[in-house]
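Student: Please take me through one part of this structure in detail. Pick a single strand and work outward from there.

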Amino acid sequence: MGKLIGFIGAGNMGSAIIGGILKAGIVQPDEVAVADKNAACVQKLQEQYGIVAAKDNQEVAGSADLLFLAVKPAVLYTVIDEIKEMVKEGAVVVSIAAGQPLRKLEQAFGKKLPLVRVMPNTPALVGAAMSALSPNETAQENRAMLEFLLAVFESFGKAEIVPEGLMDAVTGVSGSAPAYVFMFIEAMADAAVLGGMPRKQAYTFAAQAVLGSAKMVLETGMHPGELKDMVCSPAGTTIEAVKALEDAGFRSSVMNAVGACIEKSKAM
């Protein structure tokens, strides 16, 4: 790329993004500068990848051509207030703070600049994220940068550009979804333990079943219902389990959970 990518925030998500782009060779280590109030986090990244350790947030903001705000919503606007006068002319700013709309970010900066709101999820830590990118009008004009950003997020999973109006739905169906899936895996493992399987082995079987099933949906392009039908033999064990799930309101429970998440996201 030949330009500097800056990160304010070196927590789990910031570190996952940095690791993804460096492992994919999208940028070189000396093209990445990082600042974080926790100096140990920055030092760890510097030792692991050879990135540039910045002295503070303002230094990163003043030098970055692409600036990632990888901080929690609770401190986002404090950080913006600190750096807004330092951001380079023409720099693109990316926020991964949940529930923070572009209009609010634009107001906080107090000037027109390219902004992209992104919702990744925690599987970024293992290179399997699902990320949604929503650019403001100014950022949409820079197609080359948007393509580069897609490549950045695709370096540790899948990524798509979506209208900002879908961001609350994104939060419900992918941003928060790992928690639902972890609960499902835990419940299946508990049942296997009840059936006599050792706990560690139960987690492996349950997690691999979820991983493989997800890959079948993504790689075959078949409807999930069709894939489900393939497993359900007449009068067999699987259809018996499916009936038990339906009797317990499994689908409606999932839909209600995702819906509640979406509504909470809208209210933030």
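Tutor: What follows is a close look at one strand, then its neighbours, then the rest of the chain.

This is a predicted model. The strand to look at is β5, residues 92-95. Both of its faces are covered. Val92 and Val94 sit on one side, and both are buried. Val93 and Ser95 sit on the other side, and they are buried too.

Now the first neighbour. Strand β4, residues 66-69, runs parallel to β5. Four bridges join the two strands. Within this pair, Phe68 stands opposite Val94. To get from β4 to β5, the chain passes through helix α4, residues 73-83. This β-α-β crossover is right-handed.

Next comes the neighbour on the other flank. Strand β6 covers residues 115-119. β5 and β6 also pair in the parallel sense, here over three bridges. Val93 of β5 faces Leu115 in β6. Helix α5, residues 102-109, belongs to the connection. Together, β5, α5 and β6 form a right-handed β-α-β unit.

Step back to the sheet. It is open and has eight strands. Their order is β3-β2-β1-β4-β5-β6-β7-β8. β5 therefore has β4 on one side and β6 on the other in the order, whereas β3 (52-53) and β8 (157-161) stand at the edges. Each edge strand has a single partner, so one side of each is left without a neighbour in the sheet.

The pairing in the sheet is mixed. The step past β6 shows an antiparallel case. β6 pairs with strand β7, residues 129-135, in the antiparallel sense. Four bridges hold that pairing. One bridge there matches Val116 with Pro135 of β7.

Two residues outside the strands deserve a look. Thr138 lies in helix α6, residues 137-140. Its relative accessibility is 17%, so Thr138 counts as buried; the cut-off for buried is under 20%. Beyond its neighbours within four places in sequence, Thr138 touches Lys112, Leu113 and Pro114.

The second residue is Ala177, in helix α9, which spans residues 177-194. Ala177 has a relative accessibility of 12%, so this residue is buried as well. Setting aside neighbours within four places in sequence, Ala177 is in contact with Thr171 and Gly172. Thr122 is 55 residues from Ala177 in sequence. In space, their C-alpha atoms are 9.5 Å apart.

Finally, the whole chain. It has 13 helices and eight strands. Of its 268 residues, 40% are buried. The C-alpha atoms fill a box of roughly 65 × 40 × 30 Å along the principal axes. Take the contacts between residues at least 6 apart in sequence: 62% of them join residues at least 24 apart.

The surface and charges round off the picture. The accessible surface comes to about 14700 Å². Carbon and sulfur atoms account for 58% of that area. The chain carries 23 positive and 28 negative charges. The mean positions of the two sets are 3 Å apart.

To return to the start: β5 is covered on both faces. It pairs in parallel with β4 and with β6.

Key. Residues are numbered from 1 along each chain as its sequence is written. This is a predicted model: local features need pLDDT of at least 70, side-chain atom pairs count only at pLDDT 80 or more; totals for chains, interfaces and linings use all residues. Side-chain values use heavy atoms; hydrogens and water are left out. Buried means under 20% relative accessible area, exposed over 50%, partly exposed in between (1.4 Å probe, protein chains only). Two strands pair if DSSP finds at least two bridges between them. A crossover is right-handed if, with the strands pointing away from the viewer, the path from the first strand over the helix to the second runs clockwise. Contact means heavy atoms within 4.5 Å. Accessible areas come from the Shrake-Rupley method with a 1.4 Å probe; for residues, only the protein chains shown count as cover. Lys and Arg count as positive and Asp and Glu as negative; His and the chain ends are not counted. The place of a charge is taken as NZ of Lys, CZ of Arg, CG of Asp or CD of Glu.
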